[in-house]
Amino acid sequence: MPRIHVVTDSGSDLPKSTREQYNIHVVPLSIQFGEEIYRDGVELSADQFYHRLTESADLPSTCQPSPADFVKCYEEISEPGDQIISVHLSSKLSGTYQSAVLASTMVEDRDIHVIDTKFASLGIGLVVVAVAEAVQNGASVEEAVALAERVIDELKVYFVVDTLEYLRRNGRIGAASALVGSLLNIKPVLTLENGIVTPFDKVRGKAKAVRKIFDILGDYVKARPGQRLRIGLSHGNVLHEAQQLVDRIKSEFAGNDLIVELVGPTIGVHAGPGTIALMWYPM
C-alpha cells in the first residue's frame, strides 16, 4: 500500500521530539560564515549558531537547498508509488520552495505535492505538524493538503526583533523597510502578509512589544470561547523571555497545544538574536 511522507526544510524550527513523533523529514538550508558553509541542524546547531553570531565579524547568509538535495531526500524516504507532501518556507523569503517544485518534476513514480506556506520558523512548523498529524490519523493526501491550505489561511504570526538590521542587511525586510532609522527604542511588531515581512504596530520598548503580541493572542482567544488552538512560540536565544511567555500562556490559556523552540540558524540569520515570535491557528 502506498505510504504518505511529510518533508519540510530547516526553516520550520520544529523540535527534534516533534519531528520524531510525526516522522517529519527535514532538508536543511546552508549557513555561510565567510568562506565556511554549514548545513543547518547537521553541521551547525542553533546553540553553535548564536555563539558564532556574537563572535564572528562576518554577517552570515543562507543558501537554499538545491533541487538535487530534495531529489535525494524524496528518493531516500520513499518507494515508487508513494506520496510526498513537502511543506516549505515562504517563496518570497527563499528559493527553497522553487527548488522543491523543480525536484518534484525530477523524481519518477512518486506523487509529490509542494506547498508554499508563506511563513517562516514555527509558522511553517505548525502547518507541517497539522499535515503530519492528519497523515498519521489516516487522512488522504488530498485531505492533508486541503488541511494545510486551511491552516495557512487561518494562521496568525506576530514577532518582535531586537533590531531590524539583520532583516535589512539580508534583504528580507519587505514592507518594514520604512521603519529603519525610526526613533530610538521603538520596537515594531511585525507580521507576515502574503509571505512578506510587514509592520503591524510600533511600540516603545521590547517588553511592551512582546506584551502586545501576547495581548493579540489573548484577544483572539477571548473572541473564540471553547476553541482549541495550536500555538507556536519561537525565540532567538532568549530563553528567559520565552519562558515568561510560556508560563503566561499555560496559566491564562490552558488546554491549548503549545510548541516551543529556538529560532534556528536558517531564520536566525535574518531575524537575529533576541527575536520573540508567537503564532497560532484554530485546531
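In the predicted model, the largest cavity is lined by 22 residues. Leu-93, Ala-120, Phe-159, Ile-267 and Ala-271 are the lining residues that lie nearest the centre of this cavity. Two or more lining residues are given by each of strand S8 (156–160), helix H10 (265–271) and strand S13 (276–282). Helix H10 supplies the largest share, four residues. By class, the lining of the largest cavity comprises 14 nonpolar residues, seven polar residues and one charged residue. The enclosed space amounts to about 260 Å³, and the structure holds one cavity of 30 Å³ or more.

Open pockets were examined in the same model. The largest pocket holds about 430 Å³ of space. Its lining consists of 20 residues, and those closest to the centre of the pocket are Ser-10, Leu-14, Arg-19, Asp-40 and Gly-41. Helix H1 (16–22), strand S2 (24–27) and strand S12 (257–262) are the elements that contribute two or more residues to this lining. Nine of the lining residues of the largest pocket are nonpolar, five are polar and six are charged.

For the second largest pocket, the volume is about 300 Å³. Here 14 residues form the lining, with Val-26, Val-27, Pro-28, Arg-39 and Asp-69 closest to the centre. Strand S2 and helix H3 (67–77) are the elements that give two or more residues to the lining of the second largest pocket. Helix H3 accounts for the largest share of that lining, five residues. The composition by class is seven nonpolar, three polar and four charged residues. Strand S2 thus appears in the linings of the largest pocket and of the second largest pocket.

At the level of the whole protein chain, ten helices and 13 strands are present. The C-alpha atoms fill a box of roughly 60 × 50 × 30 Å along the principal axes. A compact globule of 283 residues would have a radius of gyration near 19 Å, and the 18 Å found for the protein chain therefore agrees with that expectation. Buried residues constitute 55% of the 283 residues. Of the contacts between residues at least 6 apart in sequence, 75% join residues at least 24 apart. The protein chain exposes about 12,700 Å², of which 48% is supplied by carbon and sulfur atoms.

Several individual residues were also characterised. Asn-23 adopts a positive phi of about 55° although it is not a glycine, and this residue is found in the loop between H1 and S2, two elements that each give two or more residues to the lining of the largest pocket. Because its relative accessibility is 48%, Asn-23 counts as partly exposed. A positive phi, of about 50°, is likewise present at Asn-194, which is not a glycine either. Asn-194 is found in the loop between strand S9 (186–193) and strand S10 (196–204).

Ser-30 is placed in strand S3 (residues 30–33). With a relative accessibility of 17%, Ser-30 counts as buried, since the cut-off for that class is under 20%. When neighbours within four places in sequence are left aside, the residues in contact with Ser-30 are Ile-37, Tyr-38, Arg-39, Ser-61, Thr-62 and Cys-63. Among these contacts of Ser-30 is Arg-39, which is also one of the residues closest to the centre of the second largest pocket.

Notes
Residues numbered from 1 in each chain as written. Predicted model: local features only at pLDDT ≥ 70, side-chain atom pairs only at ≥ 80, totals over all residues. Heavy atoms only, no water. 1 Å grid on protein atoms, 1.4 Å probe; cavity = no way out; pocket = protein on both sides within 12 Å on 5 of 7 lines; lining within 4 Å. Points joined across faces, edges and corners; volume = space filled by probe spheres on them. Nonpolar A, V, L, I, M, F, W, Y, C, P; charged D, E, K, R; others polar. Rg over C-alpha atoms; globule rule 2.2 N^0.38 Å. Buried < 20%, exposed > 50% of the residue type's maximum accessible area, 1.4 Å probe, protein only. Contact = heavy atoms within 4.5 Å. Areas by Shrake-Rupley, 256 points an atom, 1.4 Å probe, with all protein chains shown as cover.
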